[in-house]
Amino acid sequence: MNLQNVTSISNLLFSFSYVNITNSIPISIHFEIQSLNSSLSYLFIYKFDQKPQLNSSINEIDGWNLFCSNKHLTNENLYKYFLDNDQTLNHQSLIYGIRELNLTEYQNYCLNNSSLNQIPIRDETSNFTSNYFIRIYTSGCYYLDENYQWKSDGLKVGSLTNHYETECYSTHLTTFAGGFIVLPNPINWNYVFANADFSKNQTIYITMICTITIFIILLFYSRFQDKKDLEKLGVTPLIDNQKSDGYFYQIIVFTGQRKDAGTESKVHFVLSGDKDQTNIRTFSDSNRKIFERGGIDAFVMSVPKSLGLLNYIRIWHDNSGQGSSASWFLKYLIIQDLQTLEKFHFISQKWFAVEKDDGKIERILPVADEIEKDNFSYILSKKTYHNISDGHLWFSIFSRPPSNQFSRVQRCTCCFVLFFSAMLLNIMYYDLSNQAKTSENLLLQLGPLKITPQQISTIDQYWNWLRMNFIGNLRAQQWYNGDIPQYLNGFLNDKSNRLIGWAIMRQLRVKSKLCNDQTIIENCQSDYNFFNEEKRRFQPGWTNNETIEDLSSSIIKAFQYVRSDELNNSISIGQFGTYNGGGYVYEFRGRLKDLQSNISKLYQLGWIDEKTRAIFIQITLFNPNVPLLTSITLLTEFSSTGGVFPSFHFEPIHFYTFTSIFQLICSIFYILFIIYFTICEIRCLFELRLKYFQQFWSIIQLGMITCSFGSFVIYILRYRETKRISELFELTNGYFYLNLQNLIYENDLLTYFLAYSCFFSLIKFVKFFHNDQRVSLFTQTLHFCKKELISFSSMFSIAYFSFVILFYLLFVSKMSQCSNLISTAQMLFEMTLMKFDANELIDADANLGPICFALFILLIVFVCLSMFISIINDSFRRAKQNQNENTISWFSIFRRFLIWTGLKKLTRNEIEEEKEAKMRSQYFHLIEDFPEKIDQILIAINNIYVEQMEELKRLDRIGI
């Protein structure tokens, strides 16, 4: 939905907007309005093709409607209005106006039922007190006639159409279809011009001034280049053409786009054919420069007679140009016989320069055949040049071919027309993509239950959401055609999810305490913790005096504290605190009318006030279509400063322990394997004792065993709990309060144990392939970099934590990401991954923000991460050098497995290779290892000699 900022415009009678409904087939128009203040009412008027006018003297409107907050608000807090396709027939546009109803008009026209058909008229202007969201969309119903043309005769769009579905009424049996159009945002020009001063729109004005300045500069440049292009047009006759010559060739020379590709040297050539060849000819033009960078030059050459089929061209230059103008990069030439119109291509793609490439300034270029003309580099160069210099609208301003009639000025104008059109389209369709992704910015939608950030931001809006959205959807109401929902007792309004028992609303409050300084205020409100939680029993209205009013038992109980063990609850963690499992509980039991009256009464008694810190709404649902229980917790936290922060958590639970026999068999095999594996590890533990815990793989195996047995124990506890709930469900038919929090914790623990068990198992799986080259290289790299990484990690941790402290202390009061040390560390980690928006730091502090950001990027990202990569690279190089040649690949392992199982038979050559390999292992390896063995013997003899000499010296010292 699009936000209409109408509060910034003063002295309005109506806020008008324009809608284009031009279409070859009649369409319907749908309006959905959501006010930021749901208690406001509106008057809606419209007129087709003209601006509507309504006051005490003029009544020029085609229709009107009242939007009363007490009658016309939907469950989504929307006002809806609809014009069908018969009403829009033969119209091209619609202009509508909206204004707020004041208190007097609300009482006279909304509360008084006898005045509903009267239109409120006033002459004085007023101001909007709240902005509103609006969504406008069109829809239609169509069918294909005998000529395959879309028609809408006999079809009418129904009033139940929304932006998800189209309702169609048909008077014939023709197959029909529906459609919709997303309309652009209406531009409120009154708002635009009312806020068009420079001080409020400096960025926009600067952008427009810079854009227009660039356009003017490019316009002058384009005009100047267009005049120069006129000089390049035409074909130049060679200066050495003879009047007596009667045979003509056209030569087109393409100079490259590379730097210094053009030349001022004199270019000569000799063209050779089957029948004859030319003398030395020279390219020259006294009226214009030729062979400029990226240039295309055309010449006409005359010869006495036909040269026949051309063979080659010998071309060179005299290197007479000054500096870089001496060299020349020739792309290719096209020579056309003007008599037979036959073309010959000569591909060069080389430099004619003494200081580049091979240093040649003379080359012989043969005629290119079809294979050479289809060569990729030639086609790429040719196509790229054409697409950029002529096909690309922006680049062609600077590189447009002179022969093209589409001038640079025209191209420049088209570019900026497209640019400004794109800006206008961005205004018209701004934020519509976000709407498509998240309808109404929903924080939560489960079936009919919806929570949006706009719905809950104050205590009053929370009560309004309970009355308008939540309560009405807790019970199954009438179908769309007015039928009573039979056999849906206990279902939500979506008719799909059944409520198990009843929902509860639990409140946690804080105690009143006196302020330290009572000169300004006596009682202070603090945030929630376990020590200041209010647990006393109250009478309705949070008083200690007994009430005289006759209230229902559920309302009286809502002011009495219930312990966590009575609710079977445990501690819950929110965004701003950790909350106890007890609280003041209201149960949503009874008929829909009773629930609505109870909520209104709780609102009057101030059940939620300034001491409220958290409201938990706990619901348990069962979906019969998929045997799935879902525990829903809607948490709304109320800060001591008045903020309201809704959040949600839902946990689906499947009651079936095993969904198939195969899963049961796999679980039994897994348990037997774990028992056998545990026995083996216990033996190793007794053999190795404390050395067992010093091995890396021992820790992995212990983790796998611990997680496996832990998951087995949790599995049994979960099975017992699900069995108890199933029996209770069967006994009561679902009419009991069911709290799944303990089962959720057990399910979460089971998920954690299984996850870590799989993790350790996969790590253990790597050990079985330690002989593979890649796995061995990976483990060796980690082994070599172990010490360096430990020292680097300590240095990096100090540097990183110092930046965490710096950002936290500097921006704790300016950025929500720096509200605590953990969130600050998370923000810096995102900054390391280049996923952070630096504009937030600039907004927080225009000076310190960029400086701190630059220091962090320089030291952490560039320096520290570069050191980390260098350590890994160096360790990888050492591991590569010391890699064992005896390691084998996965392919070799798989091949040996196939041979061992008999699935693969060796050929005669493979058998000979196997025999040769065995011989090398028996004989050649012994000879190759002989020097190493001798070295080992000498080292052992040397060690024995040194030990004996030390022993003799010791004996001499003691006189033996």
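## A guided tour, from free cysteines to strand β34

Begin by selecting C707: its sulfur is 9.8 Å from the closest cysteine sulfur, that of C758, which is too far for a bond. The criterion for a disulfide is a pair of cysteine sulfur atoms within 2.5 Å. C707 counts as buried because its relative accessible area is 10%; buried denotes under 20% relative accessible area, exposed over 50% and partly exposed the range in between (1.4 Å probe, protein chains only).

The structure is a predicted model, in which local features need pLDDT of at least 70 and side-chain atom pairs count only at pLDDT 80 or more, while totals for chains, interfaces and linings use all residues. Residues are numbered from 1 along each chain as its sequence is written, and side-chain values use heavy atoms, with hydrogens and water left out.

**Further cysteines**

Select C852 next. C852 is buried, with a relative accessible area of 5%. The nearest cysteine sulfur to C852 belongs to C818, 10.0 Å away, and C852 is in no disulfide.

Two disulfides are found by the distance rule. For one of them, display C68 and C110, whose sulfur atoms are 2.0 Å apart. The torsion about their S-S bond is about -75°, so this disulfide is left-handed. C68 lies in the loop between β7 (63–67) and β8 (79–83) and C110 in helix α1 (residues 103–110), so the pair ties together parts 42 residues apart in sequence. Helices (H or I, at least four residues) and strands (E, at least two) are DSSP runs, numbered from the N terminus. C68 and C110 are both buried.

Then move to C141 and C168, which form a disulfide with their sulfur atoms 1.9 Å apart. This link is left-handed as well, with -90° about the S-S bond. C141 belongs to strand β10 (residues 132–144) and C168 to strand β13 (residues 168–170), so the disulfide ties together parts 27 residues apart in sequence. C141 counts as buried at 1% relative accessibility, and C168 is buried at 19%.

**A loop serine**

Select S327, in the loop between β20 (310–317) and β21 (328–337). S327 has 2% relative accessibility and therefore counts as buried. A polar atom of its side chain lies 3.3 Å from the backbone oxygen of S324. Beyond its neighbours within four places in sequence, S327 is in contact (heavy atoms within 4.5 Å) with ten residues' worth of surroundings that include D260, H317, W351 and K356.**Strand β34 and its partners**

Select strand β34 (residues 612–623), where 11 of the 12 residues are buried. Two strands pair if DSSP finds at least two bridges between them. Strand β26 (residues 498–499) is joined to β34 by two bridges and runs antiparallel to it; here L499 stands opposite L621. Strand β27 (residues 503–509) is also antiparallel to β34, with six bridges, and L508 stands opposite A614.

Extend the selection to strand β35 (residues 628–638), which pairs with β34 in the antiparallel sense over 10 bridges. In this pairing, T636 is the bridge partner of I615. Four residues separate β34 from β35 in the hairpin that they form.

**Colouring by confidence**

Finally, colour the model by pLDDT, the predictor's confidence in each residue, from 0 to 100. The mean over the protein is 82, and 88% of its residues reach 70 or more. Among the elements, helix α8 (residues 432–437) has the lowest mean pLDDT, 44, and strand β30 (residues 561–562) the highest, 94. Over residues 432–442 pLDDT stays under 50, and the model has 20 contacts beyond four places in sequence for this stretch.

Note on methods. A polar contact is a pair of N or O atoms within 3.5 Å; within protein, one must be able to donate a hydrogen and the other to accept it, and residues adjacent in sequence count only if both atoms are side-chain atoms.
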